[in-house]
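Open the model in your viewer, pick a cartoon style, and keep the selection box handy. We'll go stop by stop, with something to select at each one.

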Amino acid sequence: MERQGGCQCGAVRYKVSDEPLRVGLCHCTDCRQTSGSAFTMFAVWPRASFRSTSVVTTYRGRSFCPDCGSRLFSLRPDEAEIMVGSLDDAPSGLVPRYEIWVPRRESWLHGLPWADQHAGDRVDETETERDGINLE
Ligand SMILES: [Zn+2]
Ligand SMILES: [Zn+2]
């Protein structure tokens with residue numbers, strides 16, 4: 001399975017292959033500010049599954065289109081975190097399995113009953129990786 005995505009103006013294009021490692025929602029302040037919305041939905045692929053040759057601008061680890069400003073992805077040495085709204089097709093097949101920074105979730109928005117709930121960044125107990133780039 002390969003998915004393609006990009007920014008609204010078309011200057012940035014990317015591809016991800018196979019299924020994501022995990023899909024989540026983040027309610028942190030950084031995600032609120034950078035998305036311009038109340039929370040974000042993202043999916044994480046192995047870095048090797050991600051391909052792009054486009055030029056992006058990156059601020060505090062978050063990449064966006066320098067022309068139209070669409071938020072796109074955050075690339076780490078081992079993983080590519082994709083803002084799923086930047087996929088060409090609506091991300092209907094991707095279902096969030098965890099939520100992070102839930103104390104900051106808006107009170108009218110209820111947690112997903114099947115999703116793991118984390119007060120801050122997700123901490124994987126078998127590794128030391130953490131999702132999200134929160135500098136606060
Ligand atoms: Zn663009
Ligand atoms: Zn966040």
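This tour starts with the whole chain, then visits the two sheets, the core and a few single residues.

**The whole chain**

Before you click on anything, keep in mind that this is a predicted model. Colour by secondary structure and you should find one helix and 11 strands. Following the chain along its sequence gives β-β-β-α-β-β-β-β-β-β-β-β, so the helix comes after the third strand in that pattern.

Now zoom out. The C-alpha trace spans about 35 × 30 × 30 Å along its principal axes. A compact globule of 136 residues would have a radius of gyration near 14 Å, and the chain agrees with that at 14 Å. Buried residues account for 31% of the 136. If you draw a contact map and keep separations of 6 or more, 56% of the contacts join residues 24 or more positions apart.

**The three-stranded sheet**

Select residues 2-6 and 13-17. These are β1 and β2, an antiparallel pair joined by five bridges. Show sticks to check the register: Glu2 has Ser17 as its bridge partner in β2, and Gly5 sits opposite Tyr14 of β2. The two strands make a hairpin with six residues between them. In that turn, click on Gly10, which has a positive phi of about 95°.

Add residues 50-51, which are β5. You now have an open sheet of three strands, ordered β1-β2-β5 and paired antiparallel. β1 and β5 are the edge strands, each with a single partner, so one side of each has no neighbour in the sheet.

Step just past β2 to Asp18, in the loop between β2 and β3. Its phi is positive, near 65°, although the residue is not a glycine. Is Asp18 buried or exposed? Asp18 counts as exposed, because it has 12 other C-beta atoms within 10 Å.

**The eight-stranded sheet**

Next, hide that sheet and bring up the other strands. Eight of them form an open sheet with mixed pairing, in the order β6-β7-β8-β9-β4-β3-β10-β11. The edges belong to β6 (57-59) and β11 (116-117); each has a single partner strand, so one side of each is left without a neighbour in the sheet.

Walk in from the β6 edge. β6 pairs antiparallel with β7 (residues 62-64) over three bridges, with Tyr59 bridged to Arg62 of β7. Between the two strands lies a loop that holds Arg60. Here is another non-glycine residue with a positive phi, near 50°. Arg60 is exposed, given its 10 other C-beta atoms within 10 Å.

Carry on to β7 and β8, an antiparallel pair with two bridges. Phe64 has Arg71 in β8 as its bridge partner. This hairpin has six residues between its strands, and Gly69 takes a positive phi near 85°.

One more step takes you to β9. β8 and β9 pair antiparallel over three bridges, in a hairpin with three residues between the strands. Look for Phe73, which stands opposite Ile82 in β9.

**The core**

Stay on β8 and show its side chains. Four of its five residues are buried, so β8 is largely enclosed by the rest of the structure. Then select Cys26, Phe42, Ala43, Trp45, Leu72, Phe73 and Ile82: these have the most contacts inside the largest nonpolar core, which has 24 residues. β2, β3, β4, β8 and β9 each supply at least two of the core residues. Which strand gives the most? That is β4, with five residues.

Centre on Leu72 and list its contacts beyond four places in sequence. Leu72 touches Cys7, Val12, Val56, Ser63, Phe64, Cys65, Met83 and Ser86.

**Last stop: Val102**

Finally, select Val102, in the loop between β10 (98-100) and β11. Despite its place in a loop, Val102 counts as buried, because it has 20 C-beta neighbours inside 10 Å. Leaving out residues up to four places away in sequence, Val102 touches His27, Gly111, Gln117, His118 and Ala119.

To finish, draw a distance from Val102 back to Gly10. Their C-alpha atoms are 33 Å apart, and 92 residues separate them along the chain.

Conventions: Residues are numbered from 1 along each chain as its sequence is written. Chains are lettered from A and ligands numbered from 1 in the order in which they are written. This is a predicted model: local features need pLDDT of at least 70, side-chain atom pairs count only at pLDDT 80 or more; totals for chains, interfaces and linings use all residues. Two strands pair if DSSP finds at least two bridges between them. The radius of gyration is taken over C-alpha atoms; the globule rule is 2.2 Å times the number of residues to the power 0.38. Two residues are in contact if their C-beta atoms, placed from the backbone, lie within 7 Å. A nonpolar core is a set of buried Ala, Val, Leu, Ile, Met, Phe, Trp, Tyr and Cys residues joined through C-beta atoms within 7 Å.
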